[in-house]
Protein chains: 2
Amino acid sequence: MNAEPRLVEVRKNILKQNDLLARELRQRYRRAGVYTVSLVSSPGSGKTRFLEETLRLIRAQHPVAALVGDLATENDCQRLARSGAPVKQIVTGTVCHLDASMVDRALAGWTLDDLAFLFIENVGNLVCPASYDLGEDLRLVLLSVTEGEDKPLKYPTIFNTADAAVITKMDLADAVEFDRQAAISNLQSVRPGIRILEVSAKNGHGMAAWIEFLNAARQARPREV
Amino acid sequence: MNAEPRLVEVRKNILKQNDLLARELRQRYRRAGVYTVSLVSSPGSGKTRFLEETLRLIRAQHPVAALVGDLATENDCQRLARSGAPVKQIVTGTVCHLDASMVDRALAGWTLDDLAFLFIENVGNLVCPASYDLGEDLRLVLLSVTEGEDKPLKYPTIFNTADAAVITKMDLADAVEFDRQAAISNLQSVRPGIRILEVSAKNGHGMAAWIEFLNAARQARPREV
């Protein structure tokens, strides 16, 4: 299509603006001492369930808050609020990803200094969120055992931009004949050395190790950008 | 972001060009007497498995071919080719959806008159493919029982653009405590009157009814646009 090169150019400008704002956000997070984790995955991989359980476990130790993006509904916000943590919904309309300006606006009114952790749940989409830096310290990509072991190979960009991978719904691994070695090997081939965690938010499997990993990552982060 | 209105304008032009080409494709399909079905869903909902089984069943009755879109790999093409039907992979790179020009280019060299059915499997994405008409006669949205019953509410645009919905992986319904009534009611609230089929490509449940539905839809379609 003829208009495509112009579209690419406009997108590049948007990405540049996004990167500038994301850098500002990253500096704000660090100054405030809040460790920020974003979650990306396809729809239905269990992001919200996993995050709900994470908020519940962390809240016993540290002050924590969450932002959650969706095209429509406040369902996830209501689910996450059951943890008792402050939660804000970002409704994107038809936009397929969060960007730094949405996060910036949603944070208005919150005092970041009061928080130890901030979680940002992206719109369920294994493609578009890859390109948008949100200033997060850790980008987590989730992959459920029901989705198929080949997803890292088929959506390499988003797996490449992630700092760690979480395999979710491990309680269903047998029912779906999940090939654990294939999944791990596909993750490692796309993003060599990526840290992989295996969890079930339903039966609690791997959740303690995940919380330990988070605390260690927060401790290890340099205070300034 | 300042650049956004300009981006919206450029996207509108692209969509307009896409719609013009989609209309041409639709006329070509009709003239050739080929009934065209596109499949959209989130990654890992079972599109390829469902399509592989569909191709196998239809091939016994009619000549059929398929196009399959992915960011990377030819895996799906190889899986679908096991059915014996002609299959072509469209590798989109970082593009999150198929558009009419990709379909147009992929069809080069195929004689549509020889086909009764053409299937187009889109990139796994519940957001972006919604906006791109591919000239298809029937747009099918797939939703697996493992994804959660709330997906139609959270991704309303794509469910709204679909002509029929297929609930996949019904063999796992009990294992994931699938709430069938909630899923159906959510589908109907977003797209009142939508035809809903429930299948398991794994154990064959609902596949005969689906093939019957397809044959009837093809018969009922007017010959010219």
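Reader: What does F159(B) touch, leaving out residues up to four places away in sequence?

Author: In this predicted model, F159(B) touches L126(B), V141(B), L143(B), K151(B), P152(B), L187(B), V190(B), R191(B) and I194(B), with residues up to four places away in sequence not counted.

Reader: Which residues of the largest nonpolar core touch the most other members?

Author: They are F159(A) and F159(B), in a core of 55 residues. Both chains contribute: among the elements giving two or more residues are β5 (138-144) and α7 (180-190) of chain A, and β5 (138-144) and α7 (180-190) of chain B.

Reader: Happy with that. Now, why is D99(B) called buried?

Author: Its relative accessible area is 3%. Buried means under 20%, so D99(B), at 3%, qualifies. D99(B) sits in the loop between β3 (87-91) and α4 (100-107) of chain B.

Reader: What makes the link between D99(B) and M102(B) a polar contact?

Author: The D99(B) side chain reaches the backbone nitrogen of M102(B) at 3.0 Å. The cut-off is within 3.5 Å for N or O atoms, so this pair fits.

Reader: And how do you know that K154(A) and D76(B) form a salt bridge?

Author: Their side chains meet at 2.7 Å, N to O. The limit is within 4 Å, so the pair passes. Across the interface of chain A and chain B, the rule finds 6 salt bridges.

Reader: Which helix gives the largest share of the side of chain A that touches chain B?

Author: That is α1(A), with 8 residues. By class, this side of chain A has 19 nonpolar, 14 polar and 14 charged residues.

Notes
Residues numbered from 1 in each chain as written. Chains lettered and ligands numbered in written order. Predicted model: local features only at pLDDT ≥ 70, side-chain atom pairs only at ≥ 80, totals over all residues. Heavy atoms only, no water. Core = buried A, V, L, I, M, F, W, Y, C linked by side-chain atoms within 4.5 Å. Buried < 20%, exposed > 50% of the residue type's maximum accessible area, 1.4 Å probe, protein only. Helix = DSSP H or I, 4+ residues; strand = E, 2+ residues; numbered from the N terminus. Contact = heavy atoms within 4.5 Å. Polar contact = N/O pair within 3.5 Å; in protein donor to acceptor, adjacent residues only side chain to side chain. Nonpolar A, V, L, I, M, F, W, Y, C, P; charged D, E, K, R; others polar.
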